[in-house]
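Colleague: I would like to go through some of the terms used for this structure and hear what each one rests on. Could you take them one at a time?

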Amino acid sequence: MRYDSITEAIGNTPLVRIDPAVHGLRRIDLYAKLEMLNPFGSVKDRAAWNMARAGLPGARERGETVVELSSGNTAKALAVIAGMHGLSFKSVTNRMRIPEVKDLLLLLGAEIEELPGRSECLDPTDTEDPLTLFHQRLNQSGNAHLHTDQYFNALNTEAHETGTGPEIVADLDGRAPDWFLACVGTAGSSTGVARALRAHDPAVRVIGLVGEKSDFIPGIRNIDEVHEVGLFDPATYDTIESVSADDAIDGMLTLVRRCGILAGPTGGAAYRGTVRHLKPIDAELTGPDRRSAVFIVCDRVESYLGYVKQRRPELLGRPPARNSVTALTDTEVRAAQVIEVAEAQKWLAAERPLVIDLRSSFAYAALHIDGSVNIVDELFDELVRGGLPFGKRQPVLLACPVGEQSARYAALLTRMGHPDVRSLAGGIIAWRDAGAPLVRD
Amino acid sequence: MDTGPLYLEPRLAPRLGALLGSAPFLHMLVDALGSPLGVLLPDQIAENAEGFRSVYRRHRLGGQVFFAHKANRSRSLVRRLTTADAAVDVASLGELRHALGDGFTADRIMATGPKDPAFLWLAARSGVTVNADGPGELEALAGLVRRHDLPRPKVLLRLCGFETSGPRMLSRRSRFGTSVKALGPLLDLLERHRDSLDPVGVAYHLDTTSPDEKAIALEGCLRAMDDLRLRGFQPRAVDIGGGFGVGYLAHAAQWDRYTSELAAAVMGRRPPLTWGGHGYGLHAEGGTLRGALSLYPAHRPVAGAGYLDALLSQPAPTLGRPLGTLLLESLYDLYTEPGRALADQCGLSLARVLEVRHRDAGPAFVRLAMNANDVSLEDHGILMDPVLVPRDGEPAGPQEPVGVHLMGNLCLEADLVTRRTVFLPRLPRPGDLLGFANTAGYCMDFSATRAQQQPVARKVAVREGPGGSAWRWCLDEEYWPIEEYRPITDSGGRA
């Protein structure tokens, strides 16, 4: 495979059979269309390229900015495409909740504007919603924008009608699958693929998967939000079913761990929704004929580790570290040596112990005990994991805001064999309240 | 299409739930004092303040929880708070006089909002902290202090227009505060008035449900505190305003279902759910749903003290550490101004049913001795079912859920207590009461007027008797947080 441009590598993604031992369907062959293997990492590469391609030369001539309302994958693809063509890209969104995607977009050179949250006090003078205002601003004459408009642009659907759909048919030896299942975001892929498959065989059943309302699955709209999408037509789908964030993560785990498909939560949601929909149908099927079903894996797992960590921290759990404050007993913490402010001042003058301030550098820089060293607690925590970070003959005074955290570390260092570690009682706050000097230098 | 009754049952804490279950007591109150009637539960607000305090304790933070007085005009709520670990923020001369007169000392009062000269003068005269909106207000205050030889007032600087690097968070426009970009000139002003003004910190208040926007603002305040310090001031407090929210509804599923059906109704896929097909901000355009739902997010899993806890636990956008930790490490006090959230579950608005009018088509009209201004749920976008408080016990026979429209007592087409078709477990009868739960935060008296000379709701304060015995009540203004009739021992002149 030799290409002249990375955009030529968009499309022609593999259709991979899922092992029946994993999904448990007896008479239905289940296939995953691996859109995650597009060059920029998702199903949106097709739409982004199809929507932007024709307008790029003109946009470049006029020095326009490519603009899209996108929370992730479309923005990612457009940012790359814009960059390759010497254009800047701006994403406006109120849905960007995946920090890794945000950072990646910044790396790609995108400008991101996040729309404000909802008003806490209803404001009757606020006549327009932010999205309407955005469109009004965009449509004002004289604005140099190439707005790809993925939720309303027919070229989004077309990319799948002429690409994704026919590829599926070709890979199934010229037959359309009996079922096609897809998560609904812009509705572009589900609508386009459905059109292509139905043109081939009108009996194809199309199932749209939407998120549960109180849940959040990246890339999927919920049953109300799909109505806001111009490309969404309820008639496209034979059924619309909802999937939860739990389904998405469960499905993702199955694909990742058992099928070797490094799918993100949207692909996981599609897999779970598919198996759930087909299970009862499969149970009713008789005879020797095999049926087939296709679902879309729209992007990759790597960007969603934070999402998983937030919802299922146990999946990313690590064993507790040696020399950790979390392993201390209450008795040990209570036994830590503490020293009151007045005593501490005398001790400092007499024996010049090392004073370690565990607060953040931001707070330390503003005000601290003269001569103290700032080792932020997170860093200190890592330091002591390997052993004592100073000699045993060096007396140490630990200080934190209220003297709780420093007491824990004093107990830990004592347990590790240090003979003279003390914690400043009441912390820097008690120090300040006692009128003891704090400096900024 | 969903054809069942679309209930939006209110969330009821035990105290308010018990009160709503005491039908004879509530009828006795309305018989005596008329409809509409506001009923307040002062003990609840003390409990709520304690909830906020426990969040402060969890984050080891000092400071104050200021009740935003404008949320309710009640005297009993304010008087009860004087004995709790709480303070009060006042937004007018009247509220300041009320707070001073009802037992708050100046160290527990903060003046906020737009201020006229008399308000500024009394604030400075009495020594309350002034949350200043901008340079104009600071100049005016400094002038008053010098001309009238007043004590040097503590001031907080209300800031706005916070920005962060990386993704740009667009903020709703605000008329209040000084942009952080103009902090320099503001500090110059404070330096000029060093003798007449004592800057103790900075403040923000953002009208948003988004914790991300608040996190950006809070971090911006921490940086502004540093700027104050560089000019030689000793700031102590960061005031993060309020807007922590209230969860009004008992069931998330009811809210989800209702809002989905509302969208379907706007799209023409089911009969309307509102008077005249009103869409609460949504409209259909070429088969697509447009606009934004202008409703209060009435079911909120995280609200009030829980929201504050989550905000303080959230990492600062650029400094990385949790915001609560940064406040603590920087030795700053935290000020909060919850209004709605502190008044959560503290009140009930009662209205008598006057007439039930059946129509040929569509839901029946239920006419109430109350109007939309008496319980301004609609103004605040809060959708919540009233609780039916029967007059003569439940009627015999099977009960049918009904959808009705609630008409007010004004001769105005617009006077619907809510534009929503309200579902009730049965048709009410004249003489029954409808109890609008949880109205103490902004909904009870914020918009109440004497339009058409209809009565404005009187207010009573109620508390449970010892050991959960009968309810006791008094007029709101007669409430004091003391035991009413302690015996006075007459020592007969002996020592």
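Modeller: Start with strands: two of them pair if DSSP finds at least two bridges between them. Bear in mind throughout that this is a predicted model.

Colleague: What makes strand E12 (residues 354–357) of chain A and E13(A) a pair?

Modeller: The rule asks for at least two bridges. E12(A) and E13(A) are joined in the parallel sense over two bridges, so they count as paired. Within this pair, A:Ile356 is opposite A:Val373 in E13(A).

Colleague: In which sheet do they lie, and in what order?

Modeller: In an open sheet of five strands of chain A, ordered E11-E15-E14-E12-E13, with parallel pairing.

Colleague: Why are strand E11 (338–339) and strand E13 (373–374) of chain A said to stand at the edges?

Modeller: Because each has a single partner strand, which leaves one side of each without a neighbour in the sheet.

Colleague: What does the UniProt record say about this part of chain A?

Modeller: The record, an unreviewed entry, has the annotation "domain: Rhodanese" for residues 349–440 of chain A. In the model that stretch is 40% helix and 15% strand, with its end C-alpha atoms 20 Å apart.

Colleague: What is unusual about the backbone at A:Arg352?

Modeller: Most residues other than glycine have a negative phi. A:Arg352 is not a glycine, yet its phi is positive, about 45°. The residue lies in the loop between helix H13 (341–351) and E12 of chain A.

Colleague: B:Asn438 also has a positive phi; how large is the angle, and where does the residue lie?

Modeller: The phi of B:Asn438 is about 60°, and the residue lies in the loop between strand E19 (433–437) and strand E20 (458–464) of chain B.

Colleague: How do you know whether A:Arg352 is buried or exposed? And B:Asn438, buried or exposed?

Modeller: Exposed means over 50% relative accessible area, and buried means under 20%. A:Arg352 has 65%, so it is exposed. B:Asn438 has 2%, so it is buried.

Colleague: What makes the bond between B:Ser35 and B:Pro36 a cis peptide bond?

Modeller: Its omega is about 0°. Most peptide bonds are trans. B:Pro36 is in the loop between helix H2 (23–33) and strand E1 (37–40) of chain B.

Colleague: Now the aromatic rings. How many pairs are there over all chains?

Modeller: The count is twelve aromatic pairs, over all chains. One of them is B:Phe52 with B:Phe244, at 6.0 Å centre to centre and 40° between the planes.

Colleague: Why is that pair called tilted?

Modeller: Ring centres must lie within 6.5 Å, and planes under 30 degrees apart would be stacked, over 60 edge-to-face. With 6.0 Å and 40°, B:Phe52 and B:Phe244 meet the distance limit and fall between the two angles, so the pair is tilted. B:Phe52 is in helix H3 (residues 42–58) of chain B, and B:Phe244, 192 residues apart from it, is in the loop between strand E10 (237–239) and helix H10 (252–266) of chain B. Both rings belong to buried residues.

Colleague: And what makes B:Tyr248 and B:Tyr296 edge-to-face?

Modeller: Their centres are 5.5 Å apart and the planes are at 80°, which is over 60, so the term applies. B:Tyr248 is in the loop between E10 and H10 of chain B, while B:Tyr296 is in the loop between strand E12 (288–291) and helix H11 (305–313) of chain B. B:Tyr248 counts as buried because its relative accessibility is 1%, and B:Tyr296 is buried with 1% as well.

Colleague: How do you know that the charged end of B:Arg194 sits over a ring, and which ring is it?

Modeller: The distance limit is 6 Å from CZ of Arg to the ring centre. The charged end of B:Arg194 is 4.3 Å from the centre of the B:Phe233 ring, so the distance part is met. Likewise, B:Arg359 lies over the face of B:Phe365, with 4.4 Å to the ring centre.

Colleague: Last, why is A:Thr74 called buried, and what does it touch?

Modeller: Its relative accessibility is 2%, so A:Thr74 counts as buried. A:Thr74 is part of helix H4 (residues 73–84) of chain A. Beyond neighbours within four places in sequence, its contacts include A:Met51, A:Glu68 and A:Gln150.

Technical notes:
Residues are numbered from 1 along each chain as its sequence is written. Chains are lettered from A and ligands numbered from 1 in the order in which they are written. This is a predicted model: local features need pLDDT of at least 70, side-chain atom pairs count only at pLDDT 80 or more; totals for chains, interfaces and linings use all residues. Side-chain values use heavy atoms; hydrogens and water are left out. Helices (H or I, at least four residues) and strands (E, at least two) are DSSP runs, numbered from the N terminus. Buried means under 20% relative accessible area, exposed over 50%, partly exposed in between (1.4 Å probe, protein chains only). Contact means heavy atoms within 4.5 Å. A charge sits over a ring if NZ of Lys or CZ of Arg is within 6 Å of the ring centre and within 35 degrees of the ring normal. UniProt positions are given in the numbering used here, feature names are shortened, and annotations may be inferred rather than shown by experiment.
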